Structure formats: structure tokens, C-alpha cells
Amino acid sequence: MASSSSSHLPPSVFNPRRHVGVHAERISDVASTEFPGHYPGEDHSWNLARFKENLSVSVKRLSQRSIEFDLVGVDASIANAFRRILIAEVPTIAIEDVFVWNNTSVIHDEILAQRLGLIPLNVDPALFSTRLPGDIPYDRNTLVFQLNVECSRAKDGKIVNEYVTSGDLKWVPQGEQESVFGDLVPAATNKDIVIAKLRPGQVIDMELHAIKGVGKEHAKWSPVATATYRLHPLILLNPSKPVPPHLAQKFASCFSPGVVKVSPEGEVSIDERHLRKETMSREVLRHKEFEGCVELKRIRDWFIYSVESEGPYAPEALLPEAIKVMRGKIESIRAAAEALLADSADAGAPSGAVAAGPDADGDVEMDS
């Protein structure tokens, strides 16, 4: 297939060991083979220095609410762990308790409470502690909002307060919260979310308590609207069987726009700047005339993340927050392993023996 000599991609991208094969009806080589003992004479034991050398993170697109970045050099299990943590374990603040003083709208109290809970708030969860069941609410674990809207008809016949929106939430400071938040007033991240529609004479009067939580308890605490990844695509042209010039445009139309370039002479090439846009639809594999002209691959350890923030976090802050959660999990496992090792040493080791601590990589070796 195509040589990497003139490519702008890193040479290691063309290493067949990193490729997942994409075929007409199946995929192949899903699992990595670079583990100890698979290749005779090669050392594939985990090494921190080698891991650092291969690891890279680069931001490809950043906006006020979303980010696209590449994570290269990790196993799919790690990439998926970050995705799941982003969705379910990075904490946020959301409305949990709704005290209904008056609701004469057509929306039932329970439905209204559900809608209010799903409104994302602009509050930094680091400023709050987690309120466990049975804990007493106070200024360090609870935010209080008031929602008091009455619909009426003005003298000119226009309806006033027809729509109840997230901008109608009014923060009620408790304790020292006013000095803690300063100029940043707790509110919805989007002031235009419609909560309910009222007609003249209808009233909604409620007190709302927001607390800290995580998405695995309820989706309202998830800091992201979406958090997905896909493997980086790779298209390899076969120089020994080029695409016929009269079929070049048809070949290009089998891929996402901009991925395949066609010269005036009908010569086909891959535009690597737009390669990441390819959806790998496999359309080209349906046509017999292109059989043997191209191979479709994905790079097994090159993950393209798309994350959309909906909470208080800036998009670029979400991955560092997920890493903090991951480190906390690792620290818990390490502490448990060390405690188990210490218990084992105390129970069976000769008098005066000392259990081995973690090595330079932080690994704790357990005795069999």
C-alpha cells in the first residue's frame, strides 16, 4: 500500500500493528498484540518512559461550549474510562429539592420539578461539599433559589409573564455565600430555557435547593451534553493498482468531502489535513471496480474526542477534571493494595521483614 515517505502524518501511524482493519462486512485486528510474549525477542512490558514518549494530547477545535481533541498512545480501556468519567463522575451542582408553595399551571408538580432539575447551573462545584442523605442543609452544601412568577394581562391586552424561563430563577444567598461568590451570581448557564407557559391568573411559586452530585446518580448532574470518541481513520491507496482516471471522481465521491483529491489528470491522492473528517462509510468497498485499490483502516490508539459542556466547566477544563477523578480511583486501589500487602507481610513474613514498597513506576508487587 501507499508509502509514508511523503506523508505529513507521524511515521508510526503506518505501523500495521496499530491498525484496525475496516472491511465490507466486518472489522479485524481489534485487539492490540503488543503485550509481553507475543513477539519473540521484543520487550513489550509496560514502561513509564516509553508511555510518556508515545502519549500526546492536542486540541483541534475549541469553542465556548465544545471541544474536539486527540488523545494518542493509550489503550481503549483508558480512553473509554475518561469518556465514562466525563459523563457520570465529574461533579456539578443541580436542583434536587423543590418546595412547591403554589402551582396553578397546567404542569404537574412532579414534572415541573424534573424540568427544574435538568437546568444546568453556572456554579463551581469545588466551592461546595457533598450533602449526604440526612445531612442538614447549610451554606456550604446547599444553594437556594426562588421561582415566583405570576401571569397577568396588561391594560393594553398583552399577556405579561406568559413564559416561565430559567432566567426567572432568583438566587437567595445563605450564610457566607454572598462573599464567597462575589460578582459571580449563581444562575442558569442559559437564561432562555422555557420551564412552563402560563395564562392570566396562573402562578408558580417555589423554593429550590441545589446540591452537589454526579451523573451516575442522575443525568441532571452530568457536566456534558455529549462526550464521544472515535478512532482516527486511515486510507491507504495501493500504488500497484491505481484508481483509473475516468473513475477518479466516482472514487472521490465514496468518501467525505475533501478527503480525496483529484488532479486535473485524474490522479487520486489523500488530503491528510481532512482525513479526520472521513466517516468510514465503506461506500468504496461496494464497488467492484475499486477492489484492491484502497484499504480502510483505523488507528487503534488514536482517539478523537468530541465533548460538549453544559455545566460550569469550560470545555478545556473537562478532561483535567476527569483525570483528577481517575487519579483518585487509582489512589484508592493503590492504598488498598498496599494495605493488603502489609497485612500479608504481618501474617506470614519472618520477624523483622519489611514489605517492599512501590517501585519507580508506582507499582506494588504482590507476593503469590
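**Cysteines, a sheet and a cavity**

C293 is buried, at a relative accessible area of 1%. That is where I will start, and please keep in mind that this is a predicted model.

What is the closest cysteine sulfur to that of C293? It belongs to C254, and the separation is 11 Å. A disulfide here requires sulfur atoms within 2.5 Å, so the C293 sulfur is too far from that of C254 for a bond. For the structure as a whole, the disulfide count is zero. Another cysteine, C151, also counts as buried, with a relative accessibility of 1%.

Next, the sheet. It is open, has four strands in the order 5-12-6-10, and the pairing is antiparallel. Why does one side of strand 5 and of strand 10 lack a neighbour in the sheet? Strand 5, residues 92–103, and strand 10, residues 170–171, are at the edges, and each has a single partner strand, so one side of each is left open in that sense.

Strand 6, residues 143–150, pairs with strand 12, residues 203–213, through eight bridges in the antiparallel sense. One pairing to look at is E150, whose bridge partner in strand 12 is V203.

Helix 3 covers residues 109–117 and lies across strands 5, 6 and 12. Relative to strand 5, helix 3 runs at about 150 degrees.

Last, the cavities. How many of 30 Å³ or more turn up in a search of the whole structure? One. The largest cavity has a volume of about 40 Å³. Its lining consists of L127, F128, D139, R140, Q177, V180 and F181.

Note on methods: Residues numbered from 1 in each chain as written. Predicted model: local features only at pLDDT ≥ 70, side-chain atom pairs only at ≥ 80, totals over all residues. Heavy atoms only, no water. Pairing = 2+ DSSP bridges. Helix = DSSP H or I, 4+ residues; strand = E, 2+ residues; numbered from the N terminus. Contact = heavy atoms within 4.5 Å. Axes fitted to C-alpha atoms, helices over the stretch in contact; angles between N-to-C directions. Buried < 20%, exposed > 50% of the residue type's maximum accessible area, 1.4 Å probe, protein only. 1 Å grid on protein atoms, 1.4 Å probe; cavity = no way out; pocket = protein on both sides within 12 Å on 5 of 7 lines; lining within 4 Å. Points joined across faces, edges and corners; volume = space filled by probe spheres on them.
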